[in-house]
Amino acid sequence: MGAKHTNRCVLIEMLSLGLAVAFTLIIAIAVPIEETSHSPHTLGFHRPTMNGTFSFEKHHTLFDQGDEDVSEKRDVEALLSFRSSITADPMDSLSSWTSINSGKICSWNGVWCRKNTHRVVAIILPLLELEGTISPSIVALSLLRTLNLSANYFTGRIPPQFGQLKALRVLDLNTNQLIGSIPPSLANCTHLQSIRLSQNYLTGSISQEFGGLGNLHHLRLSYNGLVGRIPDSLGNCTSLLDLELGHNNLTAGIPSELGRLKRLVSLDLQSNRLESQIPAEIGNCSALELLDVEKNNIRGPLPLSIGMLPLSHFSLLGNQFEGTLPEAVFNITKLTSLNFGMNEFSGTIPQAIGKLTELTSLNLGTNRLTGLLPESITNLSKLEVLFLDTNNLTGEIPKGAGELQCLQKLILLSNNLTGGIPAELGRLKKLQYLWLQYNRLKSQIPAEIGNCSNLKSFDLGHNNIRAPLPLSIGILPLSKFSLLGNQFEGTLPEAFFNMTQLTHLNIGGNKYNGTIPQAIGKLKELTFLNLGTNRLTGLLPEGISNLSKLEYLFLDTNNLTGEIPKGIGKLQSLKTLFLFSNNLSGPIPRSIAQLRNLSRFAIYKNKISGSIPDSIGSLVSLQALDVSDNQLTGQIPESIFNCKYMTDLVLADNFLTGRIPTTLINFTALKTLKLSSNSFYGDLHLNFPLSTEVISAHSNNFSGTLPASLVNCTKLKLVDLSRNQFTGKFPSGLLANCQELRVLSLGSNNLEGRVPLWITNLTSLQVLDLSNNQFSGRIPSLLHGLKGFQISKSSQLTGNTLYEEVPLIVKGIEYTISYVLAANIILDLSCNNLSGEIPQSIGNLSSLRLLNLSGNHLEGVIPASLGQILSLEQLDFSRNSLRGEIPEELSNLSFLAYFNVSFNILCGRIPGGTQFSGFDERSYWENPPCLCDNTNRFPFRKCIKNVTLVSPSQNGEKSVWSRVDEHVSLIGLGLGLGIGFGGTMSLIVWWRELGRCMRFLKRRGFYRVPDSQCFSWSLNYRPRFSFHPSAPASTS
């Protein structure tokens, strides 16, 4: 009986336990996770209490201990696997993550567990400098709701397996170094409320499937490399509060579907490549407070619906909006920040701007706004920042601006403002930045400005202010002060030297005179000092050596004298030192070697003497050295080639000598090498750096053949080796690959051979000077390949305009031309042994301004196609064997100011027209009498009917000129004139010819071209573009 009772009790207990387990499973399945907060404590999990136990919730869930143990073990393994993928933990943040502590994972740093369990629901490890990859083992954490690894150095890809984290609410991988695309599988995490992946290196497109994340509140993907369109499916994420996609490469337009996001508060699409217009549907985002589409390509009118939004921040900066400022904007009275800068808005600033009384920041700069500054702007009493720069605003600065008591930044630079600086600005006690440069302000600086007791930066550069500086300036806490490019005069004011907190003083481009006072040494905080382009005299003060923080020193273009002080070596922070265009003398001080940070050093146009010190090789940071136009002697020190960062080396116009060291190749970054007008000698068989763009070595004693290593310098823009003693032919394909070459000047050498055909493939060439050599053969016929000779005046050249002084011989006089290549297009093949005809394709060089083929053996006719070169100003075909007539088409050349076809075999009438009426007989000397004129310009060249030229014989005999009537022989003409009368006339003709020969011999000696056997005739002509004579022609 007792045994039966015992068995029955056991059976009842087993049935009860089974029902309890079943009920637990039902509850566990049926009870959903309802938490929405991102805080670990409100997601149903807690840290252990101080005594090691967990706090309980009243509504805890029953569970099966066996299944839970398996899940907890799986969580431990997942965390340890994640830990193993971390390669660096400099803060030792994961020291507790070990298998020994596996029973205490809820106490591991950054791990959060669900209440009453060891199940992981959050990993929060931001700002720990962790490195490594993100292990996909995390997907084993089936209850994981928050993963925050932000602000670390994780690399690799986001595991696509994350799509299996069904409980995930928050994914924050912001500010790492992740690559690859955003896994579309994240769309399977339907409980996701926040995705933060900004500031990584993610690429690819944003998946359309993200539109299914109906619980998503925050989508932040900015500062990546995402491409493609903004998915219109995001309009389905109706819970979205902020959408941040800025700083990517997204294209196309803004989807109108985003207008369905009624709860959207922030829309940030800045710095992409979005186009089209802002859709009117955006006006339906009735909760929108921030709209930022700056730095895109959006254009078109702004929709009126924008005016209905409760915006506080609105930015269109850096787009292509045009037209007048839209009225709808001035209805958004809650605006605190309005940024419409860098667009193409035009018209005036309306008075309605005064309605935006909540504004603290207003930027309308860099547009095309005109008119006056509206008085209503003084209503913006909360304004702290005002940018109206870079427009065409006129009139005076309103006196009412002094009412903007909160103003900290007033930026009005680059307009056409006139008048003076209002004294009322002195009321702006909070003003820190006052930038008025590049206007037309006059008068004087009011003393009241000294009341702006917080003013840190004051820039008046490039105005017309000339009055003395008020003493009150000296009491301001200025760190930056600029008067650059005004009309200030007199000695340097003492007020400058009281502003001991100055870091930036720029008073260049004025008319200050007198000496630089020793008090300059009081400004010990200076990092930038510009006193250049004034009228300062005297010595450089030793006080400058006290400016130990100085990085930039500009004392150029004054009348400073004496030597460079040795104390200059104490300025060890100096990066730029400009002393050029003064009257400094003496040597370069050896103390210059102490300036280890110096990158730019320019002392050209002084009277510096001695040699370049060997210590200059200690300037390891030097990038640009210009010592040209001085009196330096000696050789280039080998040590200079230790300056491996050198990009510009300019040694021209000195008395330097010797060979160029082969260590030039050490200048791996070299762009500009100027050695001209010295006494260097030897060959140039050097390995020029591949980066070289400019080589100017004219007027030296270099010899040998042209340097073959130039074949590798494909970035060359200018090569000038003229006025040396180079011999031989062009090396094969020497410059054939230099498609950026603009100037090739090899004149006045002893080069020979044919003009290479590859020259016609230099599509950027604009100046070609091969004159005064011994080139032979024909002129290449395919001249239409010289595209640089065919640019229009309005076209823009690629890259910067190239400036370089190159010597030329023009009309027998030596000139130095400063090339501004958009203007000067020159072809000079004069004084060679070229033969054959002038190619007809020369007419394709439509922008040519100077053409000189004189002093050759050219034959045939002058091409009529020259009449197409309407820009031609100088044309010299003299001293050739050209025949036929001067083409009438040349009368179209309305800019032609110099014309010379003397010493040829031309015949026929001289063209008429305005330009040809200005050329005298010297343009046609020593041509047959049949070259004639119907006007009274040339009395001895009047046209006579029936004049014909008998061609020279094949054996090279001189031409015989005969006047032959079509029906009358020479003998018949002689008999008709009579023997007596004929003898008298013969005597007269003989006397005239003798006088002509005497005049020819006399002139020939006085107009000889320097260093050549090619003759030129001066016509006292000054060309339309600026030539600067450097030396007159030599005489014999």
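# A guided tour, starting at a disulfide

Begin by selecting Cys106 and Cys113, which are joined by a disulfide with an S to S distance of 2.0 Å. Keep in mind throughout that this is a predicted model. Both Cys106 and Cys113 are buried, and the torsion about their S-S bond is about -105 degrees, so this disulfide is left-handed.

The count of disulfides comes to two, and the next selection is the pair Cys907 and Cys930, whose sulfur atoms are 2.1 Å apart in a disulfide. Cys907 sits in the loop between β63 (905-906) and β64 (908-909), while Cys930 belongs to the loop between β64 and β65 (931-932), so the bond ties together parts that are 23 residues apart in sequence. Both of these cysteines, Cys907 and Cys930, are buried.

Now select Cys738, which takes part in no disulfide, since the nearest cysteine sulfur, belonging to Cys713, is 7.2 Å away, and a disulfide requires sulfur atoms within 2.5 Å. Cys738 is nevertheless buried, with a relative accessible area of 1%. Cys452 may be added to the view as well, for it is buried with a relative accessible area of 0%.

Next, zoom out to the whole protein chain, whose secondary structure comes to four helices and 66 strands. Of its 1036 residues, 51% count as buried, and its accessible surface comes to about 45,900 Å², with 53% of that belonging to carbon and sulfur atoms.

From there, turn to the interior and select Phe314 and Phe481, which touch the most other members of the largest nonpolar core, a set of 247 residues. Among the elements that each supply at least two residues of this core are α2 (65-84), β2 (111-113) and β3 (120-124), and α2 gives the most, with four residues. In soluble globular proteins, nonpolar side chains tend to be buried together.

Stay with Phe481 and display what surrounds it: leaving aside neighbours within four places in sequence, Phe481 is in contact with Phe458, Leu469, Ile473, Phe496, Met499, Leu502, His504, Leu505 and Asn506. Apart from the largest core lies another, of six residues, which include Val694, Leu718, Val743 and Ile826.

Then select Leu492, in the loop between β29 (489-490) and β30 (504-506). At 9% relative accessibility, Leu492 counts as buried, and its contacts beyond four places in sequence include Phe497, Ile507, Tyr512, Leu531 and Leu536. The C-alpha atom of Leu492 is separated by 9.8 Å from that of Lys511, a residue 19 places away along the chain.

For the strands, select residues 322-323 (β18) and residues 344-347 (β20), which pair in the parallel sense over two bridges, with Glu322 standing opposite Glu344 of β20. Adding residues 368-371 brings in β22, which runs parallel to β20 and is joined to β20 by two bridges; here Gly347 has Leu369 of β22 as its bridge partner.

Finish with two loop residues. Tyr223, in the loop between β11 (218-220) and β12 (227-228), has a phi near 55 degrees, a positive value in a residue other than glycine, and counts as partly exposed at 43% relative accessibility. Lys605, in the loop between β38 (600-602) and β39 (607-610), has a positive phi near 60 degrees, again in a residue other than glycine, and counts as partly exposed at 46% relative accessibility.

Notes: Residues are numbered from 1 along each chain as its sequence is written. This is a predicted model: local features need pLDDT of at least 70, side-chain atom pairs count only at pLDDT 80 or more; totals for chains, interfaces and linings use all residues. Side-chain values use heavy atoms; hydrogens and water are left out. A nonpolar core is a set of buried Ala, Val, Leu, Ile, Met, Phe, Trp, Tyr and Cys residues joined through side-chain atoms within 4.5 Å. Buried means under 20% relative accessible area, exposed over 50%, partly exposed in between (1.4 Å probe, protein chains only). Contact means heavy atoms within 4.5 Å. Two strands pair if DSSP finds at least two bridges between them. Accessible areas come from the Shrake-Rupley method with a 1.4 Å probe; for residues, only the protein chains shown count as cover.
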